[in-house]
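Trainee: I should like to examine how the descriptive terms applied to a structure follow from its computed values. May we go through them one at a time?

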Amino acid sequence: MRLRVEFTTEPFDLDEAPAHAVVAREVIQSAELDAVDVGPFGNTAEGSADAVLTAVDSLLRKALESGATRISLQVNVVGEDSK
């Protein structure tokens, strides 16, 4: 099964990316995911269920430790993994 995760972290800072946002992006970009798209107001990534769930766990823990006060996320099933 393949999953897609979409997430944002808050509080926002339009002048400079806050530490929690930087950490969250680093977690997603270094995970074994594909179709990663990071942006100023939202981020998405896809991968196997195990990879996405592992990345989400790390994302939540590290972003909260880095000052996030709110993390909004959505996880969707997008299809079957061919592996």
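Mentor: The following exchange treats a helix pair and then three individual residues. Please bear in mind that this is a predicted model.

Trainee: Why are α1 and α2 called roughly antiparallel?

Mentor: Helix α1, residues 19-30, packs against helix α2, residues 49-65, at an angle of about 160°. Angles over 145 degrees count as roughly antiparallel, and α1 and α2 are therefore described in that way. Their axes lie 9 Å apart, and the crossing is right-handed.

Trainee: Which residues of α1 and α2 meet?

Mentor: From α1, the residues are His 20, Val 23, Ala 24, Val 27 and Ile 28. Their counterparts in α2 are Ala 55, Ser 58, Leu 59, Lys 62 and Ala 63. By class, the residues of this contact comprise seven nonpolar, two polar and one charged.

Trainee: Why is Ala 55 called buried?

Mentor: Ala 55, which belongs to helix α2, has a relative accessibility of 4%. The term buried applies under 20%, so Ala 55 qualifies.

Trainee: What does Ala 55 touch, not counting residues up to four places away in sequence?

Mentor: Ala 55 touches Val 27, Ile 28, Ala 31 and Leu 33. In the case of Leu 33, 22 residues away along the chain, the C-alpha atoms are separated by 8.5 Å.

Trainee: What makes Thr 9 a buried residue?

Mentor: Thr 9 is located in strand β1, residues 2-10. Its relative accessible area is 10%, and the cut-off for buried is under 20%; Thr 9 is therefore buried.

Trainee: Why is the link between the side chains of Thr 9 and His 20 called a polar contact?

Mentor: The link between these side chains spans 2.9 Å. A polar contact requires a pair of N or O atoms within 3.5 Å, so the value of 2.9 Å satisfies the distance criterion. Leaving aside neighbours within four places in sequence, Thr 9 is in contact with His 20 and also with Ala 21, Ala 24, Ala 63, Ala 68, Arg 70 and Ile 71.

Trainee: How do you know that Leu 3 counts as buried?

Mentor: Leu 3, found in strand β1, has 6% relative accessibility. Since buried means under 20%, Leu 3 is therefore counted as buried.

Trainee: How far apart are Leu 3 and Gly 47 in sequence and in space?

Mentor: Leu 3 and Gly 47 are 44 residues apart in sequence and 5.8 Å apart in space, taken C-alpha to C-alpha. Beyond four places in sequence, the residues that Leu 3 touches include Gly 47, Val 52, Leu 53 and Val 77.

Technical notes:
Residues numbered from 1 in each chain as written. Predicted model: local features only at pLDDT ≥ 70, side-chain atom pairs only at ≥ 80, totals over all residues. Heavy atoms only, no water. Axes fitted to C-alpha atoms, helices over the stretch in contact; angles between N-to-C directions. Helix = DSSP H or I, 4+ residues; strand = E, 2+ residues; numbered from the N terminus. Parallel < 35°, antiparallel > 145°, perpendicular 65-115°, else oblique. Left-handed = near helix turned anticlockwise from the far one by under 90°. Contact = heavy atoms within 4.5 Å. Nonpolar A, V, L, I, M, F, W, Y, C, P; charged D, E, K, R; others polar. Buried < 20%, exposed > 50% of the residue type's maximum accessible area, 1.4 Å probe, protein only. Polar contact = N/O pair within 3.5 Å; in protein donor to acceptor, adjacent residues only side chain to side chain.
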